[in-house]
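Please look through the model shown here, beginning with one residue and its surroundings and then moving outwards to the chain as a whole.

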Amino acid sequence: MRVRTPVIAVAGSVAWLASRERNPVRWPALVRTDIRRLASDAREALVDGARAGVRAEQAFDDDLAEARSRARTW
């Protein structure tokens with residue numbers, strides 16, 4: 001791994017933080033807030049996805065039951 005890559009990553013992070021907040025003392029709180037917000041969004045997306053999966057499975061089961069009830073038996 002080259003030395004330039006971490007230096008570029010740190011410089012980019014510092015530039016991003018400086019564009020949001022000029023006072024470096026406030027950067028840790030800013031980062032913590034962003035991480036909490038991202039974790040909350042990820043948790044919400046996971047719960048929504050799980051609920052959507054359950055609804056899709058129930059709809060499939062209902063469609064399958066209806067198709068079986070209409071199917072001809074020999």
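A good place to begin is D61, which is partly exposed because its relative accessible area is 39%, where buried means under 20% relative accessible area, exposed means over 50%, and partly exposed lies in between, with a 1.4 Å probe and protein chains only. D61 sits in helix α2, which covers residues 27-70; helices (H or I, at least four residues) and strands (E, at least two) are DSSP runs, numbered from the N terminus. Together with E57, D62 and D63, the residue D61 forms a negative surface patch. Such patches are made of residues with over 30% relative accessible area and no salt bridge, with like charges joined within 9 Å and nonpolar side chains (Val, Leu, Ile, Met, Phe, Trp, Tyr) within 5 Å.

Before going further, it helps to know that this is a predicted model, in which local features need pLDDT of at least 70, side-chain atom pairs count only at pLDDT 80 or more, and totals for chains, interfaces and linings use all residues. Residues are numbered from 1 along each chain as its sequence is written, and side-chain values use heavy atoms, with hydrogens and water left out.

How many salt bridges does a search of the whole structure find? The search finds 4, a salt bridge being a side-chain nitrogen of Lys or Arg within 4 Å of a carboxyl oxygen of Asp or Glu. One of them joins D34 to R37, with 3.6 Å from N to O. These two residues are 3 residues apart in helix α2, and therefore they are separated by about one helical turn. Is D34 buried or exposed? D34 is buried, since its relative accessible area is 14%, whereas R37 is partly exposed, with a value of 48%. Both D34 and R37 also belong, with R20, to a network of salt bridges.

Further along helix α2, the side chains of E66 and R70 meet in a salt bridge, again with 3.6 Å from N to O. E66 and R70 are 4 residues apart in that helix, which is about one turn. E66 is partly exposed, at 41% relative accessible area, while R70 counts as exposed, at 60%. Another salt bridge links E21 with R26, where the closest N and O atoms are 3.2 Å apart, and E21 counts as partly exposed because its relative accessibility is 21%.

A residue without a charge can be placed in the same way: T33 lies in helix α2 and is partly exposed, with a relative accessible area of 35%. The C-alpha atoms of T33 and R22 are separated by 16 Å, although the two residues are 11 residues apart along the chain.

Finally, consider the whole protein chain, whose secondary structure comes to 2 helices and 0 strands. Its radius of gyration is 25 Å, well over the 11 Å that the globule rule gives for 74 residues, so the chain is more spread out than a compact globule; here the radius is taken over C-alpha atoms, and the rule is 2.2 Å times the number of residues to the power 0.38. Along the principal axes, the C-alpha atoms fill a box of roughly 75 × 30 × 15 Å, and 5% of the 74 residues count as buried.

Methods
Areas by Shrake-Rupley, 256 points an atom, 1.4 Å probe, with all protein chains shown as cover. Lys, Arg positive; Asp, Glu negative; His and termini not counted. Charge placed at Lys NZ, Arg CZ, Asp CG, Glu CD.
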